[in-house]
Amino acid sequence: MTIEIAIDGLSVTFREFRALKAVSIAVEKGESFGLVGESGSGKSTLLRAITGLAPSSGGSITVAGETLSGSRRSHAFRRAVQMVFQDPYASLHPRQTVDRQLVEPLAIHGIGDAETRILRALDEVGLGPSFRFRYPHQLSGGQRQRVAIARALIVEPEILLLDEPTSALDASVQAEVLNLLEEVRARRGLTYLMVSHDLGVVTHMCSRLAVMREGEVVEMLSAADLAAGRTVSDYTARLMVASKGFSREAAG
Amino acid sequence: MTLLAVRNLSVTYPTRTGLIEAVRGISFDLGRERLGIVGESGSGKSQTGRAVMGLTPKPGIVRADAMTFSGVDLLNAGPADWRTLRGSRMAMILQDPKFSLNPVMTIGRQITETLRQHEKVTKKEARQRALAMLEAVQIRDPERLFGLYPHEVSGGMGQRAMIAMMLVCGPELLIADEPTSALDVTVQLEVLGILDRLVRDTGMGLIFISHDLRLVSSFCDRVIVMYAGRIVEELATADLSHARHPYTRGLLDCTPKIGEDRHPLPVLERRKEWAA
Ligand SMILES: Nc1ncnc2c1ncn2[C@@H]1O[C@H](COP(=O)(O)OP(=O)(O)OP(=O)(O)O)[C@@H](O)[C@H]1O
Ligand SMILES: Nc1ncnc2c1ncn2[C@@H]1O[C@H](COP(=O)(O)OP(=O)(O)OP(=O)(O)O)[C@@H](O)[C@H]1O
Ligand SMILES: [Mg+2]
Ligand SMILES: [Mg+2]
């Protein structure tokens, strides 16, 4: 098995604050790897560091055999690695129509057949052609999130970094998007690194996952072990309990 | 006792390519209770909340036969009325918190200014109350968050900052639009606990918009199900398993659960007549 994404001892510091403290993970080619953990533990920062959007202050990032340095990324990297941001507004240009946002990556990477690809990309995420000429502010939260997913998929990447990709979707649309992501991965052998706080979604999509807390990986385990409750750290065990849902008695 | 009454509310947007009907004639009442709104992505949940708060963006048109909040006619409220209502008596946690916060003001200042707009408190007191609120929503280091700008906080921290900002004045009506969608499950339960106690102890009315039917069913008293701008079903959460509408029934089935192995997940066969 080849390692597609190797993060080794990665640290990220913002002013004095250490958002990532020597984090290491390795994702195999074709694998779907999950990141779960406490809010503020550094999950988004890890994905952003891979794309060069967060400043690394130590350790290394190797993607498809190429060790990355600084915040510069090659043209080829920017096509091969696509990220769906946690906050869909961050991925979308506020003053451009959906159409423009989908045309642009195609043009930048010299991919033809824009018309067909755009209509297909929108259809795949359950948005009809009537959404094509809307602006981001004319969409609902979940519709914006789906445009961001369509935008990442349209350039046919090899690696997808997915930050809470379905957090704004109702269960029916979420099921469609998760099925789409699985189908694309199986068909084209993509590698996914996916953040989600929904343990049901993570265990459905990923074979292995890392649990993060305060800038560190506290546990690395298989989805099967998590489902069976074979956890090591206290924090992971607490997550499992909390994922059972709200109970008025427990809340006091 | 009815806190909020909405009759035949519609929200439409005229665009170059025609009229977008975001909300199409919905009616409901809210007492001092937890009312859940679930529904398909794009079904009009957020637009309903915004219309109640007088926050429909231009060029949206809001129409209703009646919309009253504890005796106040919201349809004819002027800017001065809204200033005294919004923020202090009724508040909304918006769905995109980081986008809704002021990008050039620190989180701490945004919360304390909200508080000082509505209550006569000293700067010091405002700061203390804001910090206490942030601690209540499980922020690890409230002092640090205080000095950060929205682009420097994580998704879940931004969401909790927004929650703190909306709760700090103790509103009588709170509309929470996906308030826990960016929170890990342990923090999520803490936040739900806070909202729950506010309803129980202070009699706040809560509209809880969420796509998580399981969460809504364990947390809310009643639930409204929306589809294509309309209410297609209204149920006590205890009766959720007896849902009649095929959309609601389908929802219960297509959520991935830990320990299940269903690939691909079942999906809904949407029918035209659902949107009629
Ligand atoms: N530009 C920045 N300046 C200062 N601090 C930052 C910056 N970006 C991130 N941080 C800090 O890094 C920490 C980790 O943030 P990150 O967004 O990675 O968390 P997360 O695990 O994705 O959380 P969530 O689940 O809430 O989205 C947070 O404490 C955040 O305030
Ligand atoms: N400013 C706008 N102009 C035109 N149409 C809009 C505008 N804002 C929202 N809409 C449309 O109104 C409909 C209802 O939107 P709303 O945001 O209420 O959906 P929602 O139920 O909250 O969905 P989600 O779960 O995805 O957030 C959507 O189809 C959306 O595209
Ligand atoms: Mg994040
Ligand atoms: Mg919404």
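## Ligand 1, between two chains

A polar contact here is a pair of N or O atoms within 3.5 Å. With that in hand, take a look at this predicted model, starting with A:Ser39: one of its polar side-chain atoms sits 2.7 Å from an oxygen atom of ligand 1. B:Ser154 does likewise from chain B, with a polar side-chain atom 2.7 Å from an oxygen atom of ligand 1. Then there's A:Lys43, where a side-chain N or O atom is 2.8 Å from an oxygen atom of the ligand. On its own, ligand 1 would expose 640 Å², and the protein buries 90% of that.

Ligand 1 lies between chains A and B. There are 20 residues around it, and the ones that come nearest are A:Ser39, A:Gly40, A:Thr45, B:Ser154 and B:Gly156. Sorted by type, the shell has 6 nonpolar, 10 polar and 4 charged residues. Strand 2 (17-28) and helix 1 (43-50) of chain A each supply at least two of these shell residues, as does helix 7 (155-167) of chain B.

## Ligand 2, also shared

Ligand 2 is surrounded by residues from chains A and B, so this site is shared between chains. Of the 21 residues around it, A:Arg134, A:Ser140, A:Gln143, B:Gly42 and B:Ser46 come nearest. The shell breaks down into 5 nonpolar, 13 polar and 3 charged residues. Helix 6 (141-153) of chain A, plus strand 2 (18-30) and helix 1 of chain B, each chip in at least two of them.

Now for the contacts. The side chain of A:Ser140 has an N or O atom 2.7 Å from an oxygen atom of ligand 2. On the chain B side, a polar side-chain atom of B:Ser41 is 2.8 Å from a ligand oxygen atom, while B:Ser43 uses a polar backbone atom, 3.2 Å from an oxygen atom of ligand 2. Alone, ligand 2 has 630 Å² of accessible area, and the protein covers 96% of it.

## The magnesium ions

Ligand 3 is a magnesium ion, coordinated by A:Ser44 (OG) and A:Gln86 (OE1) at 2.0 to 2.2 Å. These two are 42 residues apart: A:Ser44 is in helix 1 of chain A, and A:Gln86 is in the loop between strand 6 (81-84) and helix 3 (88-91).

Ligand 4 is a magnesium ion too, with B:Ser46 (OG) and B:Gln95 (OE1) as protein donors, 2.0 to 2.2 Å away. B:Ser46 belongs to helix 1 (residues 45-52) of chain B and B:Gln95 to the loop between strand 7 (90-93) and helix 3 (97-100), so the pair ties together parts 49 residues apart in sequence. B:Ser46 counts as buried because its relative accessibility is 19%, with the cut-off being under 20%. B:Gln95, at 16%, counts as buried as well.

Definitions and conventions. Residues are numbered from 1 along each chain as its sequence is written. Chains are lettered from A and ligands numbered from 1 in the order in which they are written. This is a predicted model: local features need pLDDT of at least 70, side-chain atom pairs count only at pLDDT 80 or more; totals for chains, interfaces and linings use all residues. Side-chain values use heavy atoms; hydrogens and water are left out. A residue is near a molecule or strand if one of its heavy atoms lies within 4 Å of it. A polar contact is a pair of N or O atoms within 3.5 Å; within protein, one must be able to donate a hydrogen and the other to accept it, and residues adjacent in sequence count only if both atoms are side-chain atoms. Accessible areas come from the Shrake-Rupley method with a 1.4 Å probe; for residues, only the protein chains shown count as cover. Helices (H or I, at least four residues) and strands (E, at least two) are DSSP runs, numbered from the N terminus. Ala, Val, Leu, Ile, Met, Phe, Trp, Tyr, Cys and Pro count as nonpolar, Asp, Glu, Lys and Arg as charged, and the others, Gly among them, as polar. Donors are N, O and S atoms within 2.8 Å of the metal (3.2 Å for Na, K and Ca); water is not among the atoms, so sites may look incomplete. Buried means under 20% relative accessible area, exposed over 50%, partly exposed in between (1.4 Å probe, protein chains only).
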